[in-house]
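Reader: Could you walk me through the helix packing and the hollow spaces in this protein?

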Amino acid sequence: MNRPVLEVADILRDHGAAWRQANAGHVSLDQLKAMSAIERCRTAALGGHVERCDDCSHTTVAYNSCRNRHCPKCQGAAAREWLAEREAELLPVPYFHVVFTLPARIASIAYQNKAVVYDLLFKASSEAVLTIAADPEHLGVRIGITAVLHTWGSTMTHHPHVHMIVPGGGISLDGSRWLSCQPRFLLPVPVLTKLFQGLMLAKLLAAHRAGRLAFFGPHAHLAERKAFAAYLAPLRRIKWYVYAKPPFGGPKAVLAYLARYTHRVAIANSRLIARDQQGVTFRYKDYRADGHARQKVMTLGTHEFIRRFLIHVLPKGFHRIRHYGLLARPSCADNIARARVLLDAACQNQASHTPADTADEQTTHAHACPHCGGRMIIIETFARGETPRHRPSGPTVASRIDTS
């Protein structure tokens, strides 16, 4: 695969130092670490190895990746590994996509309290789905959820929301059978919305009472309990955004979808167009438009581009992919086995391995010689900051290497 003409790493290498100096004292340690990792990713600073073709002796240098979860270049390999593990959990049923979005008033609080509010978003949204699914008036089942946090809009503005992938049914509350939802209907969105709204507001008030929220600048007055309650009051009267998409075509479609969503970062290198004195130009989607008009181009000043990219760096240790219900650890394997028995899905075993086989073929092909297709073997490794003894006979490549 050809290297993109422009990468986030190029922008950070050229302008990161000036940005850090201009924003000294206002940059978190997590953001500084992410910047440093991306700047050094797949460079000699992280070491690497030399590969040579068994057949034609074509030689390339491959540098190690930073493996930072905010690095646009490192998430493809991470996604493949994660998907291989998730494949065994897929069931031969339709899957639905549900999105829960925080209103702007709460998003501004989340900006100053990322770990707390993002965690409450996960809890409130998952609790809403699990509760409504378990209600006998709706499905009356124990359902499974894979939830992924995204904090950005298409132009990298702060827009926290959770994407959920939910199987179309679940195990009955007495554990005796699998109950499927209607073909194109999972759960009533208005009911989900109302419950999510109530849960999120209640959890925010509880977090405030427990002293878990901090407020700065224009929001400093919200540290007072009555002021915070008054700030949240209008949110009880507006419509919150919860969206349920039609079901996917099957387990393979679910894997393809998850590959696009689970390990995304604020902007992919493929969306970058150019960088000049005006700033950084990139493609984005305007979801208020339809058809081809949805695809648009935006230019941001370079320092503003970096600022927007870094506001989506998550706190250390925060899990942005979580599983609930039947998929919750550590009982997930037992729950999936029980669901397969109830679905009588033994005949699906062979088909369920197809995506993994395809991934293996792609991995093998990725290590073939770009000149003759022969097998590339490692002939030298070198540590961080060192120069390889062997010289490449072709373009230097940047490939992912596990260094842990």
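Author: Here is a short chat about one helix pair, two cavities and one pocket. This is a predicted model, where local features need pLDDT of at least 70 and side-chain atom pairs count only at pLDDT 80 or more, while totals for chains, interfaces and linings use all residues. Residues are numbered from 1 along each chain as its sequence is written, and side-chain values use heavy atoms, with hydrogens and water left out.

Reader: How are α5 and α6 set relative to each other: parallel, antiparallel, perpendicular or oblique?

Author: Helices here are DSSP runs (H or I, at least four residues), strands are E runs of at least two, and both are numbered from the N terminus. α5 (residues 114-134) and α6 (residues 189-209) pack at about 140°, axes 9 Å apart; axes are lines fitted to C-alpha atoms over the stretch in contact, and angles run from 0 to 180 degrees between N-to-C directions. Under 35 degrees is roughly parallel, over 145 roughly antiparallel, 65 to 115 roughly perpendicular and the rest oblique. So the pair counts as oblique.

Reader: Which class of residue fills the contact of α5 with α6, and with what count?

Author: Contact means heavy atoms within 4.5 Å, and among the residues that meet are Val 116, Leu 120 and Ile 132 in α5 and Leu 192, Phe 196 and Met 200 in α6. Ala, Val, Leu, Ile, Met, Phe, Trp, Tyr, Cys and Pro count as nonpolar, Asp, Glu, Lys and Arg as charged, and the others, Gly among them, as polar. The contact has 2 polar and 3 charged residues, and the nonpolar ones number 16.

Reader: What is the volume of the largest cavity?

Author: On a 1 Å grid over the protein atoms alone, a cavity is a set of points where a 1.4 Å probe fits but cannot get out, a pocket is an open set with protein on both sides within 12 Å along at least five of seven lines, and lining residues have an atom within 4 Å of a point. Points are joined across faces, edges and corners, and a volume is the space filled by probe spheres set on them. The largest cavity has 14 lining residues, with Glu 89, Leu 90, Tyr 95, Thr 146 and Leu 327 nearest its centre, and its volume is about 140 Å³.

Reader: Which strand gives the most to the lining of the second largest cavity?

Author: That cavity holds about 110 Å³. His 70, Trp 152, Val 265, Ala 266 and His 312 lie nearest its centre. With 3 residues, the top contributor is β5.

Reader: How much space lies in the second largest pocket?

Author: Its 22 lining residues include Arg 69 and His 319, and they divide into 7 nonpolar, 8 polar and 7 charged. The space comes to about 520 Å³.
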